[in-house]
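Please open the structure in your viewer and keep the sequence panel beside it. The tour below moves from one selection to the next and says what is found at each stop.

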Amino acid sequence: MVEYLKQRSETFVAESVVLDGGPEAEASDHPYDIIAYLVEDFASSKRNLFSRVSGWLLSETREDKIDDFAQEMEINGFWSMDKRKAVAQTLLKNVDFKNEFHCDMKYDSADELALHVPTCSYRSMNCENEGCDARFSANQAENHDSVCPFKIIPCEQKCLDSIMRREMDRHCITVCLMKLVNCPFYSVGCKSAIPQCKIEDHLSENLHSHMLLILKGIHKEASVEVLRERVEQIEKASSGNLADARNVRSLKFRVKDLDQQLGPLEVGGTNKTDEEATKTPTKLESLEVNDTNNDTEKAAETEVINSEAEPSLEVTSTNKDSEEAATTEIKDSEAKLQSVEVAALSKDIEEASKTDIKDTEAMPQH
């Protein structure tokens, strides 16, 4: 199998260029995937001889199976680690055509090579995080460090703790002091989400608003302005004894007790204002009617006066009695004007005035 892998790895790059149109057309150019493909290809061709190996290599949990197989070879002393490393290095050089995973530097002497090895970016390294046994090239150290599950990092929610990366999610949703929680007064209407460590500050700063929410539940028909005045009255009556009520039950009990001691809440304050606002238009209408009636009365009196002021006709002494009778009728009409309704009175005065004028004009002249 080793010889097969060496031969295939030497020609794999050339085969890929010819069959797929170039290295860029490869589905994956990672050396691990290329070697795995070659191993699977070999195992498929030798399935009868290597059924156990091929079963491992072709399964969905291929990586775990390969590790198990390597451990079994190590335990049985078959194909030692040093020999496997040598084969792996050879295969890597053959398939890593981009030179991303192996060093391509060449030296003329062992001394020059020895000087290069400690600084080579492809030298093998172990992860320094406690509990992690990962090995990688020196140039991959930063990439591994950014995802290593055993690395200790600061809390993502900015609490003061530092936690292993793989434990971060559990920490953030359980014991983290900066975990967001609902306000203890959520059930009565406070929708604030606050960090767990700042609940006490929130309760102290929002005592007034929490009391207002509780009073809204007690006096459902009262306006916000009335309830705010009630909150101030309760705060004065409590003498600062409400600050240590840290949940709905305790604060509601104390607020309700003080509210009863203060007596019934005057929720009609706004209703009284509404009634006054309703009465105002009615008063205005009454004033307009009175003004209209006064105008009508004045117009009627003006017509009567104008009628009296018209040029007197030449009458003889025999008609003097008729003029006095007409004057008497006008005075009688003025007296009646004060006793009838305003609208009808105006009409009667106009008709009486017209009648008197016509009678005067119709009198015989000598």
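Begin by selecting K158, which is exposed because its relative accessible area is 69%. Bear in mind throughout that the model on screen is a predicted one. K158 sits in the loop between β3 (152-154) and β4 (162-164), and its phi is near 70 degrees, a positive value in a residue other than glycine. Most residues other than glycine have a negative phi.

A second residue with this kind of backbone angle is S239, whose phi is near 55 degrees and which is likewise not a glycine. Select S239 in the loop between α11 and α12, where its relative accessibility of 60% makes it count as exposed.

**The whole chain**

Before going further, zoom out and colour the model by secondary structure: the protein chain comes to 15 helices and six strands. Of its 366 residues, 25% are buried. The chain exposes about 25500 Å², and carbon and sulfur atoms supply 51% of that area. If you draw the contacts between residues at least 6 apart in sequence, 39% of them join residues at least 24 apart.

**Strand β3 and its surroundings**

Return now to strand β3 and select I153, which is found in that strand. I153 is buried, because its relative accessible area is 14% and the cut-off for buried is under 20%. Add I163 to the selection and place a distance label between the two C-alpha atoms, which are separated by 5.5 Å although the residues are ten apart along the chain. Leaving aside neighbours within four places in sequence, I153 is in contact with S162, I163, R165 and M168.

**Salt bridges**

The structure holds five salt bridges, and three of them are visited here, beginning with K151 and D145, whose side chains meet at 3.4 Å from N to O. Both partners can be checked on a surface view, since K151 is partly exposed with a relative accessible area of 23%, and D145 counts as partly exposed at 30%.

Next select R170 and E167, where the side chains form a salt bridge with an N to O distance of 3.3 Å. E167 counts as partly exposed, at 28% relative accessibility.

Then move to D259 and R230, whose side chains meet in a salt bridge at 2.6 Å, again taken from N to O. This pair links distant parts of the chain, with D259 in helix α12 (residues 248-261) and R230 in helix α11, 29 residues apart. Are these two partners buried or exposed? Hide the surface to see them, for D259 is buried and R230 is buried as well.

**A charged patch**

Which residues gather in a patch of negative charge on the surface? Select E225, E229, E232 and E235, which together make up that patch. For E235, the place to look is helix α11 (residues 224-238), and at 30% relative accessibility this residue counts as partly exposed.

**Helix α9 and the loop before it**

Move on to H202, which lies in helix α9 (residues 199-205). H202 is buried, because its relative accessible area is 8%, and the limit for that class is under 20%. Expand the selection to the residues that H202 touches, which are C183, C190, S192, I194 and H210 once residues up to four places away in sequence are left out.

For the last stop, select C197 in the loop between β6 (193-195) and α9. C197 counts as partly exposed, at 41% relative accessibility. When neighbours within four places in sequence are set aside, C197 is in contact with L177 and M178. Finally, add C159 and label the distance between the C-alpha atoms of the two cysteines: C197 and C159 are 38 residues apart along the chain, and these atoms are separated by 9.4 Å.

Definitions and conventions
Residues are numbered from 1 along each chain as its sequence is written. This is a predicted model: local features need pLDDT of at least 70, side-chain atom pairs count only at pLDDT 80 or more; totals for chains, interfaces and linings use all residues. Side-chain values use heavy atoms; hydrogens and water are left out. Patches are made of residues with over 30% relative accessible area and no salt bridge: like charges are joined within 9 Å, nonpolar side chains (Val, Leu, Ile, Met, Phe, Trp, Tyr) within 5 Å. Accessible areas come from the Shrake-Rupley method with a 1.4 Å probe; for residues, only the protein chains shown count as cover. A salt bridge is a side-chain nitrogen of Lys or Arg within 4 Å of a carboxyl oxygen of Asp or Glu. Lys and Arg count as positive and Asp and Glu as negative; His and the chain ends are not counted. The place of a charge is taken as NZ of Lys, CZ of Arg, CG of Asp or CD of Glu. Helices (H or I, at least four residues) and strands (E, at least two) are DSSP runs, numbered from the N terminus. Buried means under 20% relative accessible area, exposed over 50%, partly exposed in between (1.4 Å probe, protein chains only). Contact means heavy atoms within 4.5 Å.
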